[in-house]
Amino acid sequence: MTLVCLYILVLLTIQTVKAVNLAAGKPATQSSAHRVHTTADKAVDGNADKAYSHGSCSHTNCQDRAPWWMVDLGKVYLIKSVTIAVADSASGRMRNFRIELYNKHPNKGGMAKLCASQGPAALAHGKDRTFTCSRPTRGRFVKISKKFTSHCDALILCEVMVNGEEVVNCPFSFVRHGRSCYFYSEHKAGNWFQARDICRALGADLAIADNKEKVKFFKSALKSLGALGGRIYYLGGHAFSGQAFRWLDSNALSMGVFDDWDKATNPKDPEPNIEDELCFGMHREHYYTWHNIHCSRREQFICEKSPMWPRP
Ligand SMILES: [Ca+2]
Ligand SMILES: [Ca+2]
């Protein structure tokens, strides 16, 4: 059983780390099409087959003297790299092009930001080639434009894969840490439920502190508040089911894999101790370790907002 759990955990980790292609299935356009089956969408059909004859590549018209191709990602992302699947028979055409990013459509006042470019040397045929942006750059539209030098110097793209991440905009009065935003309430909420309602009204939810690094960050932030800080801060976990404490995030494991319960203050009666204390928070007088408490207590709280929480 333990092995199965470990396996699932490893799988979850791999899924989180694996780069997502932001362009797959998104609307794409190009300056022209060579054939009816070489339209712009062929470069975002999720098929990176580089055999041109298999029909999964875009190809601009041979007479097109200013070939370009563009995908709309639907919203602005922080883009790190763009990978192009080069056709097996591109005949040296994949050269002299620029990969540019736009927050707004170029026809609606969008300004080009260069991600990367390719000079006169052609890319190798039948291979994937990744262009890392000179720095991670925000953009919604990814446009590839090519300089036309001779007849049929077309833009041929078997697949364009865009790697990037969600842009994190912290709401007003939230503090950023990594890819998350946090709000430390100045005032007490009437109870745990009200604390949660306030977080939700701010577009967030009560904070999930399911790893060591986050707990360390909360502790240092709360310590820096000193006497201005509250005595107890509610977090987003409970034991309403009558079983062990769980995080609100249904995908997070129940506590025990990682926890920070206060075991030192009273080793004979370590936290969580009293059965009907179904909510919990970080306690200042005990080095901000976790204490289970009654949900009806008036306490301060920590809200969290990130691309992953609350779940979109
Ligand atoms: Ca394709
Ligand atoms: Ca307790």
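Visitor: What makes the arrangement of the six donor atoms around the calcium ion (ligand 2) irregular or regular?
Guide: Keep in mind that this is a predicted model. The protein donors here come from Glu-271, Asn-273, Glu-277 and Asn-292, at 2.4 to 3.0 Å from the ion. An octahedral call would need opposite donors over 155 degrees apart and all others between 65 and 115. The six donor atoms subtend angles that miss this, so the arrangement comes out irregular, with a spread of 46 to 158°.

Visitor: Which parts of the chain does the pair Glu-277 and Asn-292 link?
Guide: Along the chain, the donors of this calcium ion (ligand 2) run as E-x1-N-x3-E-x14-N. Glu-277 and Asn-292 are both buried. The two sit 15 residues apart, Glu-277 in the loop between strand 13 and strand 14, and Asn-292 in strand 15.

Visitor: And the calcium ion (ligand 1), how far apart in sequence are the parts that Asn-47 and Glu-159 tie together?
Guide: Both residues are on its donor list, Asn-47 through O and Glu-159 through OE. The spacing reads K-x2-D-x1-N-x8-S-x101-C-E. Asn-47 is in the loop between strand 1 and strand 2 while Glu-159 is in strand 8, so the parts tied together are 112 residues apart.

Visitor: Is Glu-159 buried or exposed?
Guide: Buried means under 20% relative accessible area. Its partner Asn-47 is at 35%, so that one counts as partly exposed. Glu-159 has a relative accessible area of just 1%, so the word is buried.

Visitor: How far apart do the C-alpha centres of domain 1 and domain 2 lie?
Guide: The chain splits into domain 1 (21–166) and domain 2 (175–305). Going from one C-alpha centre to the other, you cover 47 Å.

Definitions and conventions. Residues numbered from 1 in each chain as written. Chains lettered and ligands numbered in written order. Predicted model: local features only at pLDDT ≥ 70, side-chain atom pairs only at ≥ 80, totals over all residues. Heavy atoms only, no water. Donors = N, O, S within 2.8 Å, 3.2 Å for Na, K, Ca; no water. Helix = DSSP H or I, 4+ residues; strand = E, 2+ residues; numbered from the N terminus. Buried < 20%, exposed > 50% of the residue type's maximum accessible area, 1.4 Å probe, protein only. Domains from an automatic or database assignment. Tetrahedral: all angles 85-135°; square planar, octahedral: opposite > 155°, others 65-115°.
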